[in-house]
Amino acid sequence: QVQLMESGGGLVQAGGSLRLSCAASGSLFSGNTMYWYRQAPGKQRERVARVTSGGGTAYADSVKGRFTISRDNAKKMVYLQMNSLKPEDTAVYYCNNALQPISWGQGTQVTVSS
């Protein structure tokens, strides 16, 4: 089992930045693609970014050019740098190692005010 702990969320003004962190336990962390998801009230959970074990990245169109995902395999950490934040980015953000997760961490709340 993989234990996931997200942190770094908070309240920011539109146009501001936040850096989210995800600590993941598990011996297979370095061999797994890792993902960031988010879920806003009334909306489906969406995958916003991924990073492969080798560092390859991909992003949802809604965050492309503003968010950057990265990882530190030695520390078993995944990061999401979020710049130029918009009110529509407001959501609970989760990291995970699966395309169809069945287990989640607590997530971290990101609130962007206008």
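**Entry 1: the six-stranded sheet**

I began with the open sheet of six strands, which in this predicted model runs in the order S2-S10-S9-S4-S5-S6 with mixed pairing. I noted its edges next: strand S2 (10–13) and strand S6 (57–59) each pair on one side only. I then looked up the angle between neighbouring strands of this sheet, and on average they are turned by 25° against each other, direction ignored.

For a closer look at one end, I picked S5 and S6. These two strands pair in the antiparallel sense over three bridges. Within that pairing I found Arg-50 opposite Ala-58 in S6.

I also stopped at Gln-109, which lies in strand S10. Its relative accessibility is 39%, so I logged Gln-109 as partly exposed. From Gln-109 I checked the distance to Pro-87: the C-alpha atoms are separated by 13 Å, with the two residues 22 apart along the chain.

**Entry 2: the four-stranded sheet**

The other sheet I looked up is open too, with four strands in the order S1-S3-S8-S7 and antiparallel pairing. Strand S1 (4–7) and strand S7 (67–72) are at its edges with a single partner strand each, so one side of each has no neighbour in the sheet. Here the average turn between neighbouring strands is 15°, direction ignored.

I went through the pairings at both ends. S1 and strand S3 (residues 18–24) are antiparallel and share four bridges; there, Leu-4 has Ala-24 in S3 as its bridge partner. S7 and S8 are also antiparallel, over six bridges, and Ile-69 stands opposite Leu-80 in S8.

Which residues of S7 point to one face and are buried? I found Phe-67, Ile-69 and Arg-71 there, while Thr-68, Ser-70 and Asp-72 point to the other face and are not buried. An arginine in the buried set is worth a margin note.

The hairpin of S7 and S8 has four residues between the strands, and in it Lys-76 takes a positive phi near 55°.

**Entry 3: the disulfide**

How many disulfides does a search of the whole structure find? It finds one. The partners are Cys-22 and Cys-95, with their sulfur atoms 1.8 Å apart. I followed the chain between them: Cys-22 is in strand S3 and Cys-95 in strand S9, 73 residues apart, so I put this down as a link between distant parts of the chain. The torsion about the S-S bond is about 55°, so this disulfide is right-handed. Both Cys-22 and Cys-95 are buried.

**Entry 4: the nonpolar core**

I turned to the largest nonpolar core, which has 26 residues. Which of them touch the most other members? My list reads Trp-36, Val-78, Leu-80, Met-82 and Tyr-93. The elements giving two or more residues to this core are S3, strand S4 (34–39), strand S5 (46–51), S7, strand S8 (77–82), S9 and S10. S3 gives the most, with four residues.

**Entry 5: aromatic rings**

I counted three aromatic pairs in the structure. One of them joins Tyr-35 and Tyr-37: the centres are 6.1 Å apart and the planes at 45°, a tilted pair. Both tyrosines turned out to be buried, Tyr-35 at 8% relative accessibility and Tyr-37 at 4%.

Why is the pair of Tyr-94 and Trp-104 edge-to-face? The planes of the two rings stand at 65°, which is over the 60 degrees needed, so the pair gets that label; the centres are 5.4 Å apart. Tyr-94 sits in strand S9 (residues 91–96) and Trp-104 in the loop between S9 and strand S10 (108–113), so the pair ties together parts 10 residues apart in sequence.

Buried or partly exposed? I looked up each ring of this pair: Tyr-94 is buried, with a relative accessible area of 16%, whereas Trp-104 is partly exposed at 25%. To finish the set, I noted that Tyr-35, Tyr-37, Tyr-94 and Trp-104 form one aromatic cluster.

My last lookup was a charge over a ring. The charged end of Arg-19 sits over the ring of Tyr-79, 4.5 Å from its centre.

Notes
Residues numbered from 1 in each chain as written. Predicted model: local features only at pLDDT ≥ 70, side-chain atom pairs only at ≥ 80, totals over all residues. Heavy atoms only, no water. Phe/Tyr/Trp six-rings, centres within 6.5 Å; stacked < 30°, edge-to-face > 60°. Buried < 20%, exposed > 50% of the residue type's maximum accessible area, 1.4 Å probe, protein only. Lys NZ or Arg CZ within 6 Å of the ring centre and 35° of its normal. Pairing = 2+ DSSP bridges. Axes fitted to C-alpha atoms, helices over the stretch in contact; angles between N-to-C directions. Disulfide = S-S within 2.5 Å. Core = buried A, V, L, I, M, F, W, Y, C linked by side-chain atoms within 4.5 Å.
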